[in-house]
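Visitor: I have a model open on my screen and would like a close look at one part of it. Could you walk me through the surroundings of one helix and the sheet beside it in the chain?

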Amino acid sequence: MKDLSTHPCFNKDAHHKYARVHLPVAPSCNVKCNYCNRKFDCVNESRPGVTSSILSPDQALSYLIKLVKIMPELKVVGIAGPGDPFANPIQTMKTLHLVRDNFPDMLLCLSTNGLNVAPYIDELKELDVSHVTITLNSLRPETLAKVYSWLRHDKRGYFGAQAGEYLLKKQLEAIVKLKKAGITVKVNTIIMPGINDHEIAEIAEKIASLGVDLMNTIPLFPVKDTLMENMEEPTPDFMKSLRKKVEAFLPPMTHCARCRADAAGLLGKDSAEAAKLLSETALL
Ligand code: SF4
Ligand code: SF4
């Protein structure tokens, strides 16, 4: 029987006790966020450190089989890039099936930009994926134009504001469908000073109205070779004030560790043994 309260990101009380692993099976992305340089990793859910390895779905399963033996507190298996899970749907869905077939009690979790998740939601429900995170950065066209350079979807390219608006539409549709499927949904918002930091209350109000369970405001980590490399990282005090605004509408996440796409262990305490196991598995 799965216990949803053991997810360390969705339940603060669980984060010192239970571990999660991100399986890095999704290298490509279908969106260009102006804060991201994937040479350094996905800023959605990562520190700017290179993912040490990319695994095939079969390698991911064999890594997990070895990992559970050294990490009995592991409760959650997630896919968070280093690109986007649904820019790599074949790898993502095959990995989820392999994990579910072999670990029926494991919680399954995904983090996505939301562009292409909707067609897979029925299958995610069947696989009993319980937690999905969507990174949604603004509801305003003029802001979206500053955040996204381009996206690719259904064999078409979209640029600037048009890309941002198209993405937002897909994200909102996905949230509605995920909630209808009974899946717990978190929204991540990257806080970019002077760009979207004054829009947090309106985002929180909108997503709360759609039934989103948790909002995670993540300070921009300015990454080299991006359009935002010279921006200031928001201060902890400022982030605290934003979480207060979120609180008026839905629960804020307060303990996000901005994990790597290949993170494994307790939040903020990634396991060196797991990292070694990962690189050994990638070489097999
Ligand atoms: Fe980078 Fe993630 Fe944005 Fe893709 S969705 S560009 S991997 S931050
Ligand atoms: Fe959880 Fe934040 Fe790490 Fe994602 S980046 S696994 S939300 S702590």
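Guide: Happy to: what follows is a walk through helix H1, its partner helices and the strands, ending with a few backbone details. One thing to keep in mind from the start is that this is a predicted model.

Let's begin with H1, which covers residues 57-70, and its packing against helix H8, residues 272-283. Two packed helices are described by the angle between their axes and the distance between the axes. For H1 and H8 the angle is about 150 degrees and the axes are 10 Å apart. Angles over 145 degrees count as roughly antiparallel, and H1 and H8 are therefore roughly antiparallel to each other. The crossing of H1 with H8 is right-handed. If you would like to pick out the side chains, look on H1 for Gln59, Ser62, Tyr63, Lys66, Leu67 and Ile70. They meet Glu273, Ala274, Leu277, Leu278, Thr281 and Ala282 of H8. Sorted by class, the residues of this contact are seven nonpolar, three polar and two charged.

H1 also packs against helix H2, residues 89-102. Here the axes come within 9 Å and cross at roughly 35 degrees. H1 passes H2 in a right-handed crossing. On the H1 side, the contact is made by Pro57, Ala60, Leu61 and Leu64. On the H2 side you will find Gln91, Lys94, Thr95, Leu98, Val99 and Asn102. The classes in this contact are six nonpolar, three polar and one charged.

Now for the strands. An open sheet of eight strands runs in the order S9-S8-S5-S4-S3-S1-S10-S11, and its pairing is mixed. The edges are taken by S9 (214-219) and S11 (269-270); each has a single partner strand, so one side of each is left without a neighbour in the sheet. Strands of a sheet pair through backbone hydrogen bonds, either parallel or antiparallel.

Strand S3, residues 74-79, is a good place to pause. Six of its six residues are buried, so S3 is largely enclosed by the rest of the structure. The cut-off behind that word is 20 or more other C-beta atoms within 10 Å of a residue's own. S3 pairs with S1 (residues 19-22) through four bridges, with the two strands running parallel. Within that pairing, Arg20 stands opposite Val76 in S3. S3 also pairs with S4, residues 107-112, in the parallel sense over four bridges. There, Val77 stands opposite Leu108 in S4. Towards the S11 edge, S10 (residues 264-266) is joined to S11 by two bridges, and these strands run antiparallel. Gly265 stands opposite Asp270 in S11.

Going on from S3 towards H2, have a look at the loop between them, where Pro82 has its place. The peptide bond between Gly81 and Pro82 is cis, with omega about 20 degrees. Most residues other than glycine have a negative phi, and most peptide bonds are trans.

That brings us to two residues with a positive phi. Lys155 is not a glycine, yet its phi is positive, about 65 degrees. You can find Lys155 in the loop between strand S6 (148-153) and strand S7 (156-159). Lys155 is exposed, with 5 other C-beta atoms within 10 Å. Asp225, also not a glycine, has a positive phi of about 65 degrees. Asp225 sits in the loop between S9 and helix H7 (236-247). With 8 C-beta neighbours inside 10 Å, Asp225 counts as exposed. For both residues, the cut-off for exposed is 12 or fewer such neighbours.

The loop with Lys155 leads to one more sheet. S2, S6 and S7 form an open sheet of three strands in the order S2-S6-S7, with antiparallel pairing. Its edge strands are S2 (31-33) and S7, each pairing on one side only. Neighbouring strands of this sheet are turned by 15 degrees against each other on average, direction ignored. S6 and S7 are joined by four bridges and run antiparallel. Arg152 has Gly157 in S7 as its bridge partner. Helix H5, residues 160-180, packs on this sheet and touches S2, S6 and S7. The direction of H5 makes about 55 degrees with that of S6.

Note on methods:
Residues are numbered from 1 along each chain as its sequence is written. Chains are lettered from A and ligands numbered from 1 in the order in which they are written. This is a predicted model: local features need pLDDT of at least 70, side-chain atom pairs count only at pLDDT 80 or more; totals for chains, interfaces and linings use all residues. Axes are lines fitted to C-alpha atoms, for helices over the stretch in contact, and angles run from 0 to 180 degrees between N-to-C directions. Angles under 35 degrees count as roughly parallel, over 145 as roughly antiparallel, 65 to 115 as roughly perpendicular and the rest as oblique. A crossing is left-handed if the near helix is turned anticlockwise from the far one by less than a right angle, and right-handed if clockwise. Two residues are in contact if their C-beta atoms, placed from the backbone, lie within 7 Å. Ala, Val, Leu, Ile, Met, Phe, Trp, Tyr, Cys and Pro count as nonpolar, Asp, Glu, Lys and Arg as charged, and the others, Gly among them, as polar. Two strands pair if DSSP finds at least two bridges between them.
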